[in-house]
Amino acid sequence: MKDLTRDDLTAVIQPRPQESHKGTFGRAVLVGGNATYGGAIIMSTEATVRTGTGLVSVITAKHNHSALHARLPEAMVLDWTLTRAVSELLGTATVLLIGPGLGLDSHSQQLLQLVLQQQTSTQWLVIDGSAITLFAQSDSHLNYPEHIVFTPHQMEWQRLSGLKLTHQTIDNNQAAQKKLGATIVLKSHRTEIYTTNEQYRNPLGTPAMATGGMGDTLAGMITGFLAQFPDKEAAICAAVYLHSQIGEELGKKRYVVLPTEISQQIPRFMKLAENINKKTKGK
């Protein structure tokens, strides 16, 4: 298993081309946030926006629209009960994210099925939170598993893979990944990434990050990186590393690091990585 390093981040964060526009940096469509858990999809959206994704749209319960607009005027929003409009919006995405705050009711299940059915061969899909549990409980089929990323914590991974916590070894996790065919970002105090051909371990992280919403933020960062950067496996690794890198740095002076604090620091840390990239190339 390979340990992620700063090089995995700086290799991905390239200087932006001078001739570019919002369409150059991808379009993300996020689905989640019922009336109870609207904060989850808002935190995912903030992370996606702050990574630099060109256009970000959110399909969520109408209850969340005012809060989302107030916090992130950069994001667009759509009522998730408008089936035809939802279907049309899904088709515009470079990357889809479903799950943060989605809930487990029948409407949430219908939204997951719609996303799985409509995903095209050119779209990437991140499945997080409630959507992982819904998928595990169903007999759903992945049309393009090679373009799907599951981001479970260990209990969600148990539901998805059938592996109890004590059986979640590297070999067993890799075998379960191969059955699914999708990339697995297994969240823990030392997050592991399982792809078809590689295994990665994130050496960073701090107990200061152990608070609600941290996974929602990571899912948004992965979504934003997938929307922008061409090497998708490298993008996933870079997002995972950056998430913990920021958390560790903030944790040096904070007993607790909030997910929204990590999102606020994303552009600055990406700029630092870009500057390191420039210096390296200039040698």
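Is K187 buried or exposed? K187 counts as buried, because its relative accessibility is 15% and the cut-off for buried is under 20%. This residue returns below, in a salt bridge. The model is predicted.

## Overall build

The protein has 11 helices and 10 strands. Its radius of gyration is 18 Å, close to the 19 Å that the globule rule gives for 283 residues, so the protein is as compact as a globular protein of that length. The C-alpha trace spans about 55 × 45 × 40 Å along the principal axes.

Of the 283 residues, 54% count as buried. The accessible surface comes to about 12800 Å². Carbon and sulfur atoms account for 51% of that surface. Contacts often bridge long stretches of chain: among those between residues at least 6 apart in sequence, 69% join residues at least 24 apart.

## Helix α4 and its two sides

Helix α4 covers residues 83–90, and its buried residues are V86, L89 and L90. They lie on the same side of α4, because they cover an arc of only 100 degrees around the axis. R84 and E88 are exposed on the other side.

What do the buried residues of α4 pack against? Their partners are four strands and a helix: β2 (27–31), β3 (55–60), β4 (76–79), β5 (95–98) and α5 (106–118).

Ahead of α4 comes a loop from β4, and T81 lies in it. T81 counts as partly exposed, because its relative accessibility is 48%. From T81 to A239 is 31 Å, C-alpha to C-alpha, and 158 residues in sequence.

Helix α5, one of the partners of α4, contains Q110. Q110 is exposed, with a relative accessible area of 52%. Q110 and G99 are 11 residues apart in sequence, and their C-alpha atoms are 12 Å apart.

## Salt bridges

Eight salt bridges are found in the whole structure. One of them joins the side chains of R201 and D3, at 3.4 Å from N to O. R201 belongs to strand β10 (residues 199–201) and D3 to strand β1 (residues 2–3), so this pair links distant parts of the chain, 198 residues apart. R201 is partly exposed at 28% relative accessibility. D3 is partly exposed too, with a relative accessible area of 42%.D128 and K187 form another salt bridge between their side chains, 3.3 Å from N to O. D128 sits in the loop between β6 (124–127) and α6 (130–137), and K187 in the loop between β8 (183–186) and β9 (192–194), so the pair ties together parts that are 59 residues apart in sequence. D128 counts as buried, at 1% relative accessibility. K187 is buried as well, at 15%.

R254 and E261 also meet through their side chains in a salt bridge, again given from N to O, at 3.3 Å. R254 is partly exposed, with 36% relative accessibility. Elsewhere, salt bridges link E46, R50 and R71 in a network.

## Around T151

Which residues does T151 touch, not counting residues up to four places away in sequence? They are V126, I127, D128, I132, E156, V185, K187 and I222. D128 and K187, the salt-bridge pair, are thus both among these contacts of T151.

T151 lies in the loop between β7 (148–150) and α7 (154–161). T151 is buried, with a relative accessible area of 1%. D216 is 65 residues away along the chain, and the C-alpha atoms of T151 and D216 are separated by 9.5 Å.

## A nonpolar patch on the surface

Which residues make the nonpolar surface patch of about 360 Å²? Y255, V256 and L258 do.

V256 is found in the loop between α10 (232–251) and α11 (259–282). V256 counts as partly exposed, because its relative accessibility is 41%.

Key
Residues are numbered from 1 along each chain as its sequence is written. This is a predicted model: local features need pLDDT of at least 70, side-chain atom pairs count only at pLDDT 80 or more; totals for chains, interfaces and linings use all residues. Side-chain values use heavy atoms; hydrogens and water are left out. Patches are made of residues with over 30% relative accessible area and no salt bridge: like charges are joined within 9 Å, nonpolar side chains (Val, Leu, Ile, Met, Phe, Trp, Tyr) within 5 Å. Accessible areas come from the Shrake-Rupley method with a 1.4 Å probe; for residues, only the protein chains shown count as cover. A salt bridge is a side-chain nitrogen of Lys or Arg within 4 Å of a carboxyl oxygen of Asp or Glu. Buried means under 20% relative accessible area, exposed over 50%, partly exposed in between (1.4 Å probe, protein chains only). The arc is that of the directions from the helix axis to the C-beta atoms. Contact means heavy atoms within 4.5 Å. The radius of gyration is taken over C-alpha atoms; the globule rule is 2.2 Å times the number of residues to the power 0.38.
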